[in-house]
Amino acid sequence: MPKEGLNHRRCGSTKVTESDNLKHRQLREEGYLQRVSAEQREYAEACASPKMTETDSTNTNEQTEGLLEQILSRDNLNRAYKQVKRNKGAGGIDGMQVDELLPFLKENKNELVQSLRDGKYRPKPVRRVEIPKENGKTRKLGIPTVVDRLIQQAICQVLSLIFEKQFSNNSFGFRPKRSAHDALKRCQTNITDGYRYVVDMDLEKYFDTVNQSKLIQILSETIKDGRVIALIHKFLRAGVMVGGMFEDSPEGVPQGGPLSPLLGNIMLNECDHELERRGHRFVRYADDMMIFCKSKKAANRTLNHILPYIEEKLFLRVNRDKTQVAHVNKVKFLGYGFYIHKGEGRLRIHPKSVQKFKEKIREVTGRSNGMGIESRKIRLNQVVRGWMNYFKLVDAKNLIQGLDEWIRSRIRMVTWKRWKKVRTRSENLKHLGIKEERAWMWANTRKGYWRTAHSPILLIALSNERFKRAGYLSLMECYSAK
């Protein structure tokens, strides 16, 4: 591959060429390389802003110079490659897949690293992918090329070590050795301590609306290597390819790359420290945040006071329709609900999460999804195991038993549908131990599928024990093993 292949790889199935859809972008960026040195000097000056304060978490000896060298070190790039390989994922606009990354690096690594050192590397636009949300809307993802993912991962590994020391103890999303379960347990502690009202904060399209100038300013207060700031800014401004057409990205942090969760946390860390300065108890997981108060009046006052900071200082958009002040038993956080028992904060599965789970089971046990018996069982076990492992913190034995019975009925129903013909049903029932006369009678039933699934004949023929021997997992098994 020629050297220019580092930054101008064929765009695969999108058939985007620089002489077509990106032509206007090249014209707009004419003379870019001549501005690189000046741009780096400007970022370096921004990094030395008098607003920056040196703390225990800011080692100026490490930060002043050499941060880019740490990012581009052999060990760091090797770790980044292994992580990108492990994460797999789809290719970007150039069509390169993860499996093609290693051969590409063997041939072009030196040129790639040198272009990054010289400030000449240009990230490619991300590929737009829209993921359906449960409310009927879509979440916009931006899939970087695998080479850009490698570089982002390398940046993320170095910056995480720096910013982890600054992050709030009340932040749990996309951080090492922290999870959604840790966030929920902190919520329980706050409720038990008497904080029964919450400000349930909803940031509107957070990752799509991050103010890039503000983010660069915040980064510059800690990162003093202007080359690193310039590189991050290039990723932010790389643009998006939508239907083969280039769109600029003047705001936002595209979701889909390794760097976006870290940058999202760095921006909201400002809000975390402001809440701590004001003495509030809160829990944040990525852009989901709840501020705990002891009364409804205090919660309303907190909301009115924090809104100007979020909107006017951080330039973020608060969804006024979804942001609410409510008692803890009225809110949903990370799929869980809360209740109070004998003064203690407890967790429950929120009804919307139960409904979403049942919709997934209906999809897997549907007759028209094209799955065979074995593939359906494998997929069903994956859904059951994953869902129960996530909701293992709850005390909900009766609910889980009821869901188990419902799932078994769904399996019986799809099995009865699959048998179709009277003779097939009769023969299968006899094979499962039903006497011939009774098997023939039920094979001719005119009852509906769902009603038949609850009939005594199928409860005997397709018993729970038989499902267990066949390898079907139950929610109660997973729940009891927690």
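**View 1. The surroundings of N190 in a predicted model.** Setting aside neighbours within four places in sequence, N190 touches Y195, R281, V283 and F292. One of these, R281, also meets N190 through a polar contact, side chain to side chain, at 3.1 Å. As for where N190 sits, look along helix α8, which spans residues 180-192. With a relative accessible area of 4%, N190 falls under the 20% cut-off, so it counts as buried. Keep in mind that this whole picture comes from a predicted model.

**View 2. How far to trust the model, element by element.** Averaged over the chain, pLDDT comes to 86, and 86% of the residues reach 70 or more. At the top end of the elements is strand β6 (residues 281-285), with a mean pLDDT of 98; at the bottom is helix α1 (residues 23-28), with 36. Residues 1-64 have pLDDT below 50, yet this stretch still shows 104 contacts in the model beyond near neighbours in sequence. Before anyone starts picking over those contacts: where pLDDT is low, predicted coordinates shouldn't be read in detail.

**View 3. An open sheet of 4 strands.** Reading across, the strands run in the order β2-β1-β4-β5, and the pairing is mixed. The edges belong to β2 (138-143) and β5 (245-247), each of which pairs on one side only. On average, neighbouring strands here are turned by 45 degrees against each other, direction ignored. Zoom in on β1 (residues 126-132) and β2, and you'll find an antiparallel pairing over 6 bridges. To get your bearings in that pairing, find R128, which stands opposite G142 of β2.

**View 4. Y206 meets F207, edge-to-face.** This is a close-up from a structure that holds 10 aromatic pairs. The ring centres of Y206 and F207 are 5.0 Å apart and the planes make an angle of 70 degrees; that is over the 60-degree cut-off, so the pair is edge-to-face. Buried or exposed, what is Y206? Its relative accessibility is 2%, so Y206 counts as buried. F207 is buried too, with a relative accessible area of 9%.

**View 5. A tilted pair and its aromatic company.** W387 and F391 pair up with 4.9 Å from centre to centre and 50 degrees between the planes, a tilted arrangement. Both of these residues, W387 and F391, are buried. Widen the view a little and the ring pairs link up Y336, F357, W387, Y390 and F391 as a cluster.

Conventions:
Residues are numbered from 1 along each chain as its sequence is written. This is a predicted model: local features need pLDDT of at least 70, side-chain atom pairs count only at pLDDT 80 or more; totals for chains, interfaces and linings use all residues. Side-chain values use heavy atoms; hydrogens and water are left out. Helices (H or I, at least four residues) and strands (E, at least two) are DSSP runs, numbered from the N terminus. Buried means under 20% relative accessible area, exposed over 50%, partly exposed in between (1.4 Å probe, protein chains only). A polar contact is a pair of N or O atoms within 3.5 Å; within protein, one must be able to donate a hydrogen and the other to accept it, and residues adjacent in sequence count only if both atoms are side-chain atoms. Contact means heavy atoms within 4.5 Å. pLDDT is the predictor's confidence in each residue, from 0 to 100. Two strands pair if DSSP finds at least two bridges between them. Axes are lines fitted to C-alpha atoms, for helices over the stretch in contact, and angles run from 0 to 180 degrees between N-to-C directions. Rings of Phe, Tyr and Trp (its six-membered ring) pair if their centres lie within 6.5 Å; planes under 30 degrees apart count as stacked, over 60 as edge-to-face and the rest as tilted.
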